[in-house]
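Please look through the sequence and the model below before reading on. The briefing then takes up a few topics in turn, beginning with the ligand.

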Amino acid sequence: MRIAVTGARGRLGRALCEALTDAAFAGPAAVFPWSRPDYDLDDLGAAERLLARDRPDLVVHAAAWTDVDGCARHPQLANRRNGEATDALARACLGTGSDLLVISTNEVFDGRRPDRRGYRPNDRVGPINAYGESKLAGERAARGAFGVSSSNAAGGSGSRLGIIRTAWLFGPPGNDFPTKILAAAERARVVGEPLHVVSDEIGSPTYAPDLAAAIVALVGTGGYGGLRHIVNGGQASRADWAREILRQAGVDVIVEDIASTAWPRASTPPAWAVLASDVPVRPWPEAMAAYLPRIMQASVGSGPPP
Ligand SMILES: NC(=O)c1ccc[n+]([C@@H]2O[C@H](COP(=O)([O-])OP(=O)(O)OC[C@H]3O[C@@H](n4cnc5c(N)ncnc54)[C@H](OP(=O)(O)O)[C@@H]3O)[C@@H](O)[C@H]2O)c1
């Protein structure tokens with residue numbers, strides 16, 4: 001099976017390329033990593049060119065403008081990169097008969113779910129920021145192009161369009177929440193102060209290589225059509241996540257809770273960012289424990305990123 005991955009140098013894209021290269025049904029010769037400058041979200045003709053060149057059976061669309069504050073400052077650009085580019089890709093895929101798997105986000109929800117359960121695929125969407133709006137526009141554009149009529153229905157397996165929503169990704173190449181917390185904790189330790197971390201944002205931390213493995217397993221069975229949520233097991237506030245990172249790393253710095261209002265930013269993150277996973281994935285603290293040695297090794301050796 002020939003599979004192209006957009007955003008192939010991104011956090012999820014690189015994990016997907018690695019997992020697909022190891023998969024029996026794909027392998028190195030059948031994986032087409034589409035990264036900038038080949039596939040740039042600002043180039044609406046790129047998909048058609050690359051599809052004609054590589055003729056993949058399936059495109060996994062992991063590229064996105066993920067700078068949520070940038071999206072808030074430039075909502076039209078966000079809509080072009082996350083909405084219109086997905087539309088162009090979906091139409092191009094239909095033109096060549098390629099399947100499409102779009103990666104989306106918890107930020108299509110407003111984060112105000114009152115019963116404190118994880119969002120399910122058919123729950124009512126209602127983004128509260130420009131990034132979420134633009135990603136929802138991408139979902140809708142793909143559904144529109146593939147003729148999946150209901151705005152929020154989960155399609156059956158065998159459909160040629162799949163949408164997978166995930167949340168709070170972490171993993172190589174670093175520059176993610178765990179590496180930022182470890183760096184901030186080191187600064188706090190040096191000056192003998194506690195670390196202040198937001199406690200009123202709660203989500204589903206998800207290890208990109210675990211998500212990639214779950215996606216590759218779905219692709220291997222051919223059952224990737226329809227709308228799904230995939231996250232690691234468990235949930236945490238940002239502050240609790242930070243405490244677990246420092247506990248596992250053996251860093252003796254106190255984490256003090258603060259409210260998100262104390263950390264002003266351009267985008268408004270949904271307070272409740274928890275998704276109910278349609279696929280069982282190990283609990284996030286276990287994934288964190290698998291990832292931590294890679295962060296430590298990279299920081300000690302100052303070598304290549306994890
Ligand atoms: N990160 C999260 O917490 C999170 C949570 C939920 C859902 N998601 C979704 O999961 C998918 C993968 O996310 P990720 O964390 O792997 O993202 P990422 O690391 O930011 O990777 C996104 C990729 O898109 C590429 N890209 C191509 N054209 C671009 C353009 N014009 N502007 C900006 N980027 C462009 C980037 O290329 P370069 O490498 O060359 O910059 C990058 O490789 C995305 O669809 C995202 O919306 C992410």
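Which polar side-chain atom lies 2.7 Å from an oxygen atom of the ligand? In this predicted model, that polar side-chain atom belongs to T66. The protein as a whole covers 83% of the 890 Å² of accessible area that the ligand has on its own. The points below begin with the surroundings of the ligand, and then turn to the strands, the backbone and one buried serine.

**Around the ligand**

- The shell around the ligand holds 25 residues, and those that come nearest are L12, D40, T66, Y131 and K135.
- Sorted by the character of their side chains, the residues of this shell divide into twelve nonpolar, six polar and seven charged.
- Three elements give two or more residues each to the shell, namely α1 (11-22), β4 (99-105) and α5 (130-146), and the largest share, three residues, comes from β4.
- The backbone also approaches the ligand: a backbone N or O atom of L41 lies 3.1 Å from a nitrogen atom of the ligand, while a backbone N or O atom of A64 lies 3.4 Å from an oxygen atom of the ligand.

**Strands and how they pair**

- As background for this group, strands of a sheet pair through backbone hydrogen bonds, and they do so either in parallel or in antiparallel fashion.
- Strand β1, which spans residues 3-6, is covered on both faces, since I3 and V5 on one side are buried, and A4 and T6 on the other side are buried as well.
- β1 pairs with β2 in the parallel sense over four bridges, and within this pairing I3 stands opposite V31 of β2.
- Strand β10, made of residues 226-229, has G226 and R228 pointing one way and L227 and H229 pointing the other way, and all of these residues are buried.
- β10 is joined to β5 by four bridges, and the two strands run parallel; here R165 stands opposite H229 of β10.
- A further group of three strands forms an open sheet in the order β11-β8-β13, with mixed pairing. In this sheet β11 (236-237) and β13 (272-273) stand at the edges, and because each has a single partner strand, one side of each is left without a neighbour in the sheet.
- Strand β8, residues 202-203, runs parallel to β13 and is joined to it by two bridges, with I202 standing opposite W272 of β13.

**Details of the backbone**

- A cis peptide bond, with omega about 0°, joins R36 and P37, and P37 has its place in the loop between β2 (31-34) and α2 (46-54).
- Another cis peptide bond joins P172 and P173, with omega about 10°, and P173 lies in the loop between β6 (169-170) and α6 (177-191).
- R55 is not a glycine, yet it has a positive phi of about 50°. This arginine is found in the loop between α2 and β3 (58-61), and R55 counts as partly exposed because its relative accessibility is 48%, where exposed would require over 50%.
- W168 is another residue other than glycine with a positive phi, in this case near 40°. W168 lies in the loop between β5 (161-166) and β6, and W168 counts as buried because its relative accessible area is 11%, with the limit for buried set at under 20%.

**A buried serine**

- Where does S98 lie along the chain? S98 is in the loop between α4 (75-96) and β4.
- Is S98 buried or exposed? S98 counts as buried because its relative accessibility is 1%.
- The side chain of S98 is joined to the side chain of T96 by a polar contact of 2.9 Å.
- Leaving aside residues up to four places away in sequence, S98 touches L51, P56, D57, C93, F146 and R160.

Key. Residues numbered from 1 in each chain as written. Predicted model: local features only at pLDDT ≥ 70, side-chain atom pairs only at ≥ 80, totals over all residues. Heavy atoms only, no water. Buried < 20%, exposed > 50% of the residue type's maximum accessible area, 1.4 Å probe, protein only. Near = heavy atom within 4 Å. Polar contact = N/O pair within 3.5 Å; in protein donor to acceptor, adjacent residues only side chain to side chain. Areas by Shrake-Rupley, 256 points an atom, 1.4 Å probe, with all protein chains shown as cover. Nonpolar A, V, L, I, M, F, W, Y, C, P; charged D, E, K, R; others polar. Contact = heavy atoms within 4.5 Å. Pairing = 2+ DSSP bridges.
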